[in-house]
Amino acid sequence: MSNVIDARERFGSPYEDIEVGTLIKHWPGKTITESDNNLFCLLTRNDQPLHSDVHYMEGHQHGKILVVGTLVFSLVVGMSVRDTSGQAVANLEYEKVTHDGPVFLGDTIYGETEILEKRETSSGNRGIVYVETRAFNQREERILTLRRRFLVPKRGQE
């Protein structure tokens, strides 16, 4: 068959195909529901009332439930994987995570990743890629910024 598309070839990139300076807009976005937030609170045992108590939040500066920050972090990293680290051997480091703005139930999150640096490992068959990922809500307000490094193989070195 000459028209076979291997989805693995479109899930991340080998080291050689990653270019410093590239800006990747991730799609689609994700609208955060009350169920998403509640389940994440339960799974992570986060019972902070900011994330679950409507009555409590009526008297808070935001006046409504805030989505758990680590849910937003996880979602944004996850939405970047297909376009960036889909072929990675490992995530090596997360750094400079900033929550730049609040996220509320019903907000839709979008992300973008900029390739900042890359370098070969001493073995020569892999490389370390350094990226910055930014998240925005439906009003294009920045809500999260993070940097991370991941280890990715060179073509044919999986």
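How many residues lie between β3 and β4 in their hairpin, and which residue in the turn has a positive phi? Five residues separate the two strands, and the residue in question is G124, with a phi of about 80°. That turn is a handy way into this structure, which is a predicted model.

The hairpin belongs to an open sheet of five strands, laid out in the order β1-β3-β4-β5-β2 with antiparallel pairing. At the edges sit β1 (23-31) and β2 (90-99), each of which pairs on one side only. Going from neighbour to neighbour, the strands are turned by 20° against each other on average, direction ignored. As a general point, side chains in a regular strand alternate between the two faces of the sheet.

Inside the sheet, β3 and β4 are held in register by 10 bridges in the antiparallel sense. Y110 shows how the two line up: it stands opposite F136 in β4. On its other side, β4 (residues 126-136) is joined to β5 (residues 142-153) by 11 bridges, again antiparallel. Two cross-strand partnerships can be picked out here: I128 has L151 of β5 as its bridge partner, and Y130 stands opposite R149 in β5. The Y130 and R149 pairing has a further side to it, as R149 lies over the face of Y130, at 3.8 Å from the ring centre. As for burial, β4 is mostly covered, with 10 of its 11 residues counted as buried.

β4 and β5 form a hairpin too, with five residues between them. Here the turn residue with a positive phi is E140, at about 65°, and E140 is not a glycine. E140 sits in the loop between β4 and β5. Is E140 buried or exposed? With a relative accessibility of 69%, it counts as exposed, because the threshold for that label is over 50%.

Then there is the helix. α3 (residues 69-81) lies across β1, β2, β3 (108-120), β4 and β5, and runs at about 45° to β5. Its length checks out: 13 residues at 1.5 Å a residue should span 18 Å, and the end C-alpha atoms of α3 are 19 Å apart, which agrees. The buried residues of α3 are L71, V72, F73, L75, V76, V77, M79 and S80. In an α-helix there are 3.6 residues a turn, so residues three or four places apart point the same way. What covers the buried residues of α3 includes β1, β2, β3, β4 and β5, along with helix α1 (34-44).

One of those buried helix residues also takes part in an aromatic contact. The structure holds one aromatic pair, made by F73 and Y94. A pair of aromatic rings is described by the distance of the centres and the angle of the planes. For F73 and Y94 the numbers are 5.3 Å centre to centre and 65° between the planes, making the pair edge-to-face. The two partners come from distant parts of the chain, 21 residues apart, with F73 in helix α3 and Y94 in strand β2. Their surroundings can be told apart as well: F73 is buried at a relative accessible area of 18%, whereas Y94 is partly exposed at 36%.

A few local details round off the picture, beginning with the edge strands. In β2, which houses K96, this lysine has a positive phi of about 50° although it is not a glycine. K96 is exposed, with a relative accessible area of 55%. Over in β1, where P28 is found, a cis peptide bond joins W27 and P28, with omega about 5°. Another lysine, K118, places its charged end over the ring of Y15, 4.3 Å from the ring centre.

Lastly, the loop between α3 and β2 contains G86, which counts as partly exposed at 22% relative accessibility. Leaving aside residues up to four places away in sequence, G86 touches F11, G12 and V81. The C-alpha atoms of G86 and L42 are separated by 28 Å, and the two residues are 44 apart along the chain.

Methods. Residues numbered from 1 in each chain as written. Predicted model: local features only at pLDDT ≥ 70, side-chain atom pairs only at ≥ 80, totals over all residues. Heavy atoms only, no water. Pairing = 2+ DSSP bridges. Helix = DSSP H or I, 4+ residues; strand = E, 2+ residues; numbered from the N terminus. Axes fitted to C-alpha atoms, helices over the stretch in contact; angles between N-to-C directions. Contact = heavy atoms within 4.5 Å. Phe/Tyr/Trp six-rings, centres within 6.5 Å; stacked < 30°, edge-to-face > 60°. Buried < 20%, exposed > 50% of the residue type's maximum accessible area, 1.4 Å probe, protein only. Lys NZ or Arg CZ within 6 Å of the ring centre and 35° of its normal. Expected span 1.5 Å × (residues − 1).
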